[in-house]
Protein chains: 2
Amino acid sequence: MKKLLDDPKSVADDALEGMVLSCPSVLRRIPGKRIVLRRDGPVRGKVALVSGAGSGHEPAHVGYVGRGMLDAVAMGDVFSAPGAGDVLTAIRSADGGSGVLLVLPNYGGDVLNFGLAERQARGAGIPTEHVLVNDDVSIREKGKRRGVGAAILVEKIAGAKAERDVGGATLADVKAVAEAVVANAGSMGAALAPCVIPAVGRPTFTIGDDELELGIGIHGEAGVERVGMMTADAVSERLVGRIAEDLRLSRGDRVAVLAQGMGGTSNMEKFIFYRDVRRQLGSLGVVAAASYVGEYTASMEMAGVHLTLLRLNDELEELLGEPTEAPAWHAWS
Amino acid sequence: MKKLLDDPKSVADDALEGMVLSCPSVLRRIPGKRIVLRRDGPVRGKVALVSGAGSGHEPAHVGYVGRGMLDAVAMGDVFSAPGAGDVLTAIRSADGGSGVLLVLPNYGGDVLNFGLAERQARGAGIPTEHVLVNDDVSIREKGKRRGVGAAILVEKIAGAKAERDVGGATLADVKAVAEAVVANAGSMGAALAPCVIPAVGRPTFTIGDDELELGIGIHGEAGVERVGMMTADAVSERLVGRIAEDLRLSRGDRVAVLAQGMGGTSNMEKFIFYRDVRRQLGSLGVVAAASYVGEYTASMEMAGVHLTLLRLNDELEELLGEPTEAPAWHAWS
């Protein structure tokens, strides 16, 4: 393992400390905990959004805290769910009196711990709901699909819904728009190289120079299919094709495109991949109404790409375009 | 070489096409050329800023085109200077009648071709000046220092100077603030792994698992010193120490911090490195008034980090904080 770090056991804390330090006008950490809050929160009367996950996916989800997106996140150790107690603290800290929506990517540990915290919050009188994000179309069975790029789009769009109508938008309203995002989003990725969990010290899987993994997750896991190395254009054809089939995209549909690297991918490759995704969408007659190219839900230094498509309607497109102060939300990143 | 691309010979064009496609509201390409202009330009009466370089440094410099930063860029092939003819076309396209400032990182081919274009532009009646960016303090001799992160800060700060006072700020005013940035900026980097130029197909240098290169450039070149592998904290001590010495930073100075990966570095590592840089600055009593963590002048998929520090005064700090539409300028990226 060759990484620039200080202590393999404290990477989650060390990176989180750096993220918060870099953006003190927006982010505030609860001392001693991996819980990050928007500095100007809780916002009285606003439906609060809370998310979280294991670390290693930077900038997710700390970078999406801020006006217009999340109110709080609870982060776990590398690729490990945050504890239910921390999620509950995040909920309590974020609550502005109008309830809390949990944005919950579909992973076993997260579902368990967020579920516990949700019940405890309800028990304590905080109206709490969750939206389960499961956009990974490489897995056929919907209940088992992982949450990837769509989580970020949920945070952006539902966050905007809550922010622009404080006191008006109810928890049910915000949950409904979050569910509309999940229902219209699909994603799939491909990896050229694995990542190394610092405390483990060896690659999460092995792969040859002439091989490619299709249908990867973001926890260093291998994909659902191993194929021979392909061009960016062939990869984009596979990914766009599978997502378009799953979402039943048709000519004239407008989509948001989230084309991301997995952490160790050069920007040159990301933009070549994005160019090819646009060609594929163009051949289907699908319109790329908004595009985001960068890193959103990385898998440490994994090399590869991940594509999320979201079919837009007028409301989703408008909310997607609302401003946010979240440090990691950009046209490019 | 394992990269996601279509044709090793066309990567510069393919990536540039993707960049422009992803941000059509800001960027416009001159068809058939690697010249990118801000869509709403040229701006009548504004001093125009033009830059350029070889490709492979994405998002530099295409991502810094837009209101508040650059008016045009001319890009070369991978790690190769753009042709003088293209630079001249970029100058002509950007000129709004108040002259053009060339932001020119100090590399032989770029200096030659930008110099030719500058003379031709002057001959054609376009007042044209340049600022030579040479912030790399790993090289002792100032005339040989490479331009790295400071180029982006010049583009941001001089771009803001020109943009917020259209018709007022003269070419001499904009050049003066650009020179103030160069005079107060220093940078240095460290690499864990090299990159591969697609058309060449083999790593630009070799390095052992227990080795680190200090004082790297952004063209895949090895550093000025090879040392044993170090912690992020030890690397930040070396980089901050050398830059602080060169800039004669003293207690109470305010600096902008540009802490970047080199293209293949995980965000986790970048934020750990940034955390450590902040510790080092803190121990010197230097205030991090503004921080930018991400990728700014990458070297394709090289693994490593690069630090640029800029001593601020009131004017530089204010200009740095001005808004811009350039797609790659963010708090994080």
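Here is a quick tour of the structure above, grouped by topic.

It is a predicted model, so local features need pLDDT of at least 70, side-chain atom pairs count only at pLDDT 80 or more, and totals for chains, interfaces and linings use all residues. Residues are numbered from 1 along each chain as its sequence is written, chains are lettered from A and ligands numbered from 1 in the order in which they are written, and side-chain values use heavy atoms, with hydrogens and water left out.

**Confidence**

- Chain A has a mean pLDDT of 96 (pLDDT is the predictor's confidence in each residue, from 0 to 100).
- In chain A, 99% of the residues reach 70 or more.
- For the complex, the predictor gives an ipTM of 0.97 and a pTM of 0.97.

**Aromatic rings**

- Over all chains, the count comes to 4 aromatic pairs. Rings of Phe, Tyr and Trp (its six-membered ring) pair if their centres lie within 6.5 Å; planes under 30 degrees apart count as stacked, over 60 as edge-to-face and the rest as tilted.
- Take Tyr292(A) and Trp329(A): their ring centres are 4.7 Å apart and their planes sit at 45°, so this pair is tilted.
- That pair links distant parts of the chain, 37 residues apart: Tyr292(A) is in strand β11 (residues 287-294) of chain A, and Trp329(A) is in the segment after α8 (314-320) of chain A. Helices (H or I, at least four residues) and strands (E, at least two) are DSSP runs, numbered from the N terminus.
- Tyr292(A) and Trp329(A) are both buried. Buried means under 20% relative accessible area, exposed over 50%, and partly exposed in between (1.4 Å probe, protein chains only).
- Add Tyr296(A) to Tyr292(A) and Trp329(A), and you have a cluster linked by ring pairs.

**Cavities**

- There are 7 cavities of 30 Å³ or more. On a 1 Å grid over the protein atoms alone, a cavity is a set of points where a 1.4 Å probe fits but cannot get out, and lining residues have an atom within 4 Å of a point.
- The second largest cavity has a volume of about 80 Å³. Grid points are joined across faces, edges and corners, and a volume is the space filled by probe spheres set on the points.
- Of the 13 residues lining the second largest cavity, the closest to its centre are Ala53(A), His57(A), His61(A), Pro105(A) and Ile218(A).
- The lining of the second largest cavity breaks down into 7 nonpolar, 5 polar and 1 charged residues. Here Ala, Val, Leu, Ile, Met, Phe, Trp, Tyr, Cys and Pro count as nonpolar, Asp, Glu, Lys and Arg as charged, and the others, Gly among them, as polar.
- The second largest cavity lies between domain 1 (8-154) and domain 2 (185-320) of chain A, because both give residues to its lining. The domain bounds come from an automatic or database domain assignment.

**Backbone oddities**

- Most residues other than glycine have a negative phi, and most peptide bonds are trans.
- Gly41(A) and Pro42(A) are joined by a cis peptide bond, with omega about -10°. Pro42(A) lies in the loop between β2 (35-38) and β3 (48-55) of chain A.
- Glu58(A) and Pro59(A) are also joined by a cis peptide bond, with omega about 10°. Look for Pro59(A) in the loop between β3 and β4 (72-78) of chain A.
- Phe79(A) isn't a glycine, yet has a positive phi of about 55°. Phe79(A) sits in the loop between β4 and α2 (84-94) of chain A, and is buried at 15% relative accessibility.
- Over in chain B, Met300(B) has a positive phi of about 50° without being a glycine. Met300(B) is in the loop between β11 (287-294) and β12 of chain B, and counts as buried at 1% relative accessibility.

**Spots to click on**

- Ala303(A) is in strand β12 (residues 303-311) of chain A and is buried at 19% relative accessibility. Its C-alpha atom is 4.7 Å from that of Gly264(A), 39 residues apart along the chain.
- Thr308(B) is in strand β12 (residues 303-311) of chain B and is buried at 0% relative accessibility.
- Thr206(A), in the loop between β7 (185-193) and β8 (211-214) of chain A, is exposed, with a relative accessible area of 63%.

Key
On a 1 Å grid over the protein atoms alone, a cavity is a set of points where a 1.4 Å probe fits but cannot get out, and a pocket is an open set with protein on both sides within 12 Å along at least five of seven lines; lining residues have an atom within 4 Å of a point.
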